[in-house]
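Hi,

Here is the model I promised to pass on. Have a look at it first, and then read on for what I found.

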Amino acid sequence: MGLSVPAAFAVIVTAALVSFGLLYTSGESAYSMIHEAGEDYNQMVLRAKTAELALSSYNYTTDGTVIVYDITFNLTNEGATLSPTRWAFIYDGRLDDSAVLISGDEYLLPGGSMAVTVQNIPKVELEVHSLVISTEVGCALKVKWEWVGNRTNGSPRVIGSAWYCPVEG
């Protein structure tokens with residue numbers, strides 16, 4: 001005994017409807033995910049364009065008998081909200097944050113300020129040091145400084161600081 005033609009046709013039509021329903025659902029899901037990815041990208045670009053850190057001041061601490069010093073950079077957020085816990089620090093070309101201490105909260109709000117301290121820097125006259133503070137939006141603040149004077153009577157001097165963001169191209 002076999003299946004009748006109308007029953008077989010009903011099974012084929014039902015399978016086709018279920019397949020079409022699954023295909024439509026997966027297509028809609030894929031479209032939705034692509035649309036959300038586009039929105040996320042636009043938000044990321046907007047955050048990168050509206051974020052900006054600036055070096056507002058700096059100071060240092062040292063003991064005259066010690067051959068190292070600590071320098072503290074006071075940073076001001078002149079743009080969108082940032083998250084210092086997600087930052088990376090490149091000190092003298094090394095991706096190493098063991099010599100870098102940050103103070104502040106989990107978020108740095110617009111207009112807010114925080115301190116970043118680099119510790120145990122050798123007092124070598126006119127040796128240029130740099131710190132790149134890379135933020136979670138892909139932009140970075142670079143600060144360059146040097147020690148001016150001898151070990152007992154000298155101080156650090158900031159050569160320059162710059163905020164930069166990568167350009168798409």
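Y60, Y69 and W147 come together as one aromatic cluster. Bear in mind that this is a predicted model, so everything below is computed from it. Overall, the count of aromatic pairs comes to four. Take Y60 and W147 to begin with: the ring centres are 5.9 Å apart and the planes sit at 90 degrees, so this pair is edge-to-face. Y60 belongs to strand β1 and W147 to strand β8 (residues 140–149), so the pair ties together parts of the chain that are 87 residues apart in sequence.

Then there is Y69 with W147. Here the centres are 4.6 Å apart and the planes are at 35 degrees, which makes the pair tilted, because stacked would need planes under 30 degrees apart and edge-to-face over 60. This pair also links distant parts of the chain, with Y69 in strand β2 and W147 in strand β8, 78 residues apart.

How buried or exposed are the three members of the cluster? W147 has 1% relative accessibility and counts as buried. Y69 is buried too, with a relative accessible area of 1%. Y60, at 32%, counts as partly exposed.

Now for the strands those residues sit in. β1 (residues 53–62) and β2 (residues 68–77) are paired antiparallel over nine bridges, and the two make a hairpin with five residues between them. If you want to check the register, T62 has Y69 as its bridge partner in β2, and S57 has N74. So Y69, the cluster member from β2, is also the residue that partners T62.

The hairpin is part of an open, antiparallel sheet of four strands, in the order β1-β2-β6-β5. At the edges are β1 and β5 (100–102), each with a single partner strand, so one side of each has no neighbour in the sheet. From one strand to the next, the twist averages 20 degrees.

W147 takes us to the other sheet, since its strand β8 is one of five in an open, antiparallel arrangement running β4-β3-β7-β8-β9. The edge strands in this case are β4 (94–95) and β9 (154–164), each of which pairs on one side only. β3 (residues 88–91) runs antiparallel to β4 and is joined to it by two bridges. Y91 is the residue to look for there: it stands opposite R94 in β4.

One more residue to click on is H129, in strand β7 (residues 128–134). Is H129 buried or exposed? Its relative accessible area is 3%, so H129 counts as buried. The side chain of H129 makes a polar contact with the side chain of E127, at 3.3 Å. Leaving aside residues up to four places away in sequence, H129 touches Y69, Y91, D92, I121, P122, V143, K144 and W145. That list includes Y69, which brings us back to the aromatic cluster with Y60 and W147.

That's what I have for now, so over to you.

Cheers

Technical notes:
Residues are numbered from 1 along each chain as its sequence is written. This is a predicted model: local features need pLDDT of at least 70, side-chain atom pairs count only at pLDDT 80 or more; totals for chains, interfaces and linings use all residues. Side-chain values use heavy atoms; hydrogens and water are left out. Two strands pair if DSSP finds at least two bridges between them. Axes are lines fitted to C-alpha atoms, for helices over the stretch in contact, and angles run from 0 to 180 degrees between N-to-C directions. Rings of Phe, Tyr and Trp (its six-membered ring) pair if their centres lie within 6.5 Å; planes under 30 degrees apart count as stacked, over 60 as edge-to-face and the rest as tilted. Buried means under 20% relative accessible area, exposed over 50%, partly exposed in between (1.4 Å probe, protein chains only). A polar contact is a pair of N or O atoms within 3.5 Å; within protein, one must be able to donate a hydrogen and the other to accept it, and residues adjacent in sequence count only if both atoms are side-chain atoms. Contact means heavy atoms within 4.5 Å.
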